[in-house]
Amino acid sequence: EVPGLDLSDEGWQEKARAIRHAAGHAMISRSSARDLARLFPEVAEDSIALAYCGLPPVFAPAAEAEVARMRAELGLQRPYLLMVGDRSGAGGYKNGILAFRAAEIAAKRGQVFEIVCIGGLADIEPDYRAAAPSVPMRRIKADDATLRLLYAGAHALVYPSRYEGFGMPVLEAMACGCPVVTCANSSLVEVGGDATIFVDPDDAEAAAAAILSLADPAIRAVRSAAGMRPVCS
């Protein structure tokens with residue numbers, strides 16, 4: 001049922017046996033609980049406990065001076081979009097290619113953002129570079145303290161995943177006051193709530209419009225403030 005995964009592999013079979021014989025089940029989102037009950041009908045959804053992910057205290061808003069120092073140290077001279085985690089190829093479920101296509105559309109409309117990738121392969125994939133030839137981009141390896149400042153200074157986190165069990169980068173970004181553009185599927189609806197801007201995972205035009213809308217200080221302030229309120233309940 002999962003493209004690219006051989007669920008007959010012994011590792012997956014062992015997980016299936018563990019699920020079927022467990023005395024109880026806990027999942028990190030309602031979406032994941034629904035998926036578990038769908039894939040294993042012997043597990044009743046209402047019997048599954050929810051245990052939402054928490055955040056280390058490092059993820060919090062940063063002072064402008066802190067962000068300015070980080071930008072100077074990393075040479076970030078223009079507004080940037082942040083991508084966090086595996087990009088998983090143009091056809092992968094992480095769907096990172098949408099962020100690059102959206103950034104290229106924004107560049108053609110006169111606003112050039114740099115794309116800053118945290119995690120994933122050390123070299124940004126050729127198909128991603130080809131999708132955004134007008135866009136500067138780089139990959140940075142960052143610890144949590146630096147990541148906090150990158151979130152705080154970003155124009156937006158763009159997280160166009162097609163599926164998440166939870167979606168930690170969305171929660172991290174919101175805790176740091178960073179607006180988020182993501183997709184209304186799986187657990188992302190729970191985690192993002194009304195703080196995030198949701199776009200279709202195949203609509204680069206809508207993603208570009210969402211990104212550009214965050215240049216409006218009023219829109220940005222509303223999204224940022226909403227993101228720092230608890231949304232998972």
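In this predicted model, the second largest pocket is lined by Pro61, Ala62, Ala63, Glu64, Val67, Ala152, Cys176 and Gly177. The space inside comes to about 180 Å³. Sorted by class, the lining is made up of six nonpolar residues, plus one polar and one charged. Glu64 is the charged one, with Glu counted in that class, and Gly177 takes the polar slot, since Gly is counted there by definition.

Now to strand β4, which covers residues 114-118. Five of its five residues are buried, so β4 is largely enclosed by the rest of the structure. Buried here means under 20% relative accessible area. Taking the strand face by face, Glu114, Val116 and Ile118 sit on one side, while Ile115 and Cys117 sit on the other, and both faces are covered. Glu114, then, is a buried residue of β4, and a charged one by class.

What does β4 pair with? One partner is strand β3 (residues 80-84), joined to β4 in the parallel sense over five bridges. Within this pairing, Tyr80 has Glu114 as its bridge partner. Another partner is strand β5 (residues 137-140), which also runs parallel to β4 and is linked to it by four bridges. Here Ile118 of β4 stands opposite Ile140 in β5.

The link to β5 also has a handedness: β4, helix α5 (residues 126-131) and β5 together form a β-α-β unit, and that unit is right-handed. Back at the residue level, Glu114 and Ile118 lie on one side of β4, with Glu114 bridging to Tyr80 and Ile118 facing Ile140 of β5.

Notes. Residues are numbered from 1 along each chain as its sequence is written. This is a predicted model: local features need pLDDT of at least 70, side-chain atom pairs count only at pLDDT 80 or more; totals for chains, interfaces and linings use all residues. Side-chain values use heavy atoms; hydrogens and water are left out. On a 1 Å grid over the protein atoms alone, a cavity is a set of points where a 1.4 Å probe fits but cannot get out, and a pocket is an open set with protein on both sides within 12 Å along at least five of seven lines; lining residues have an atom within 4 Å of a point. Grid points are joined across faces, edges and corners, and a volume is the space filled by probe spheres set on the points. Buried means under 20% relative accessible area, exposed over 50%, partly exposed in between (1.4 Å probe, protein chains only). Helices (H or I, at least four residues) and strands (E, at least two) are DSSP runs, numbered from the N terminus. Two strands pair if DSSP finds at least two bridges between them. A crossover is right-handed if, with the strands pointing away from the viewer, the path from the first strand over the helix to the second runs clockwise.
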